[in-house]
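Biologist: Could you pick out one helix in this protein and take me through it slowly? I'd like to see where it sits in the chain and which way its residues face.

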Amino acid sequence: MHQFQKKKFLAGAGLCFILMVGVAATTVQDKKPKPNFKVLPKDISHEELEKIMKGFNVSLGVKCNHCHASSKTDAKKLDFASDEKPEKDVARSMMRMTAKINKKYFSHEEGKAAALTCITCHNGKAHPESKITLPAPPPER
């Protein structure tokens, strides 16, 4: 992988995570405690949480029920606190991973987006492609 492509890849995944955390930290927060937050801030506002979740929808091309289980009492609703679906833990792991990569490889100046985000790898697909075709290296001079 070329250095530029590697940086671009890392930049995209980190952007997703940093945007989620950064926006959440700078807005007015709801008074209600949120159940079962393990990566996102426990005091995140409803509006910021919705923005983050919609970002996942776009980046992975999925709907909420991809990670969130159906409610035991009403099948038409989702149980957002439930950890029943393994995809939810995968999402948490991916968020931690992108944050770690961005912290290690990219500077985080105030107001600048992270380099690596969800869409970097997923490109609107629930599962990123396992094979990446890289362009041929430029001829040596």
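**A close look at H2**

Modeller: Reading from the N terminus, the elements of the protein chain go α-α-β-β-α-α. That gives four helices and two strands, where helices (H or I, at least four residues) and strands (E, at least two) are DSSP runs, numbered from the N terminus. Keep in mind that this is a predicted model: local features need pLDDT of at least 70, side-chain atom pairs count only at pLDDT 80 or more, and totals for chains, interfaces and linings use all residues. Residues are numbered from 1 along each chain as its sequence is written, and side-chain values use heavy atoms, leaving out hydrogens and water.

Now for helix H2, residues 46-60. Its 15 residues, at 1.5 Å a residue, should span 21 Å, and the end C-alpha atoms are indeed 21 Å apart, which agrees (the expected span is 1.5 Å times one less than the number of residues).

Which residues of H2 are buried? They are Glu 48, Leu 49, Ile 52, Phe 56, Ser 59 and Leu 60; buried means under 20% relative accessible area, exposed over 50%, partly exposed in between (1.4 Å probe, protein chains only). These buried residues cover an arc of only 105° around the axis, so they lie on the same side of H2; the arc is that of the directions from the helix axis to the C-beta atoms. An α-helix has 3.6 residues a turn, so residues three or four places apart point the same way. Flip to the face of H2 turned away from the buried side, and you meet the exposed Lys 51, Lys 54 and Val 58.

After H2 comes Gly 61, with a positive phi near 65°.
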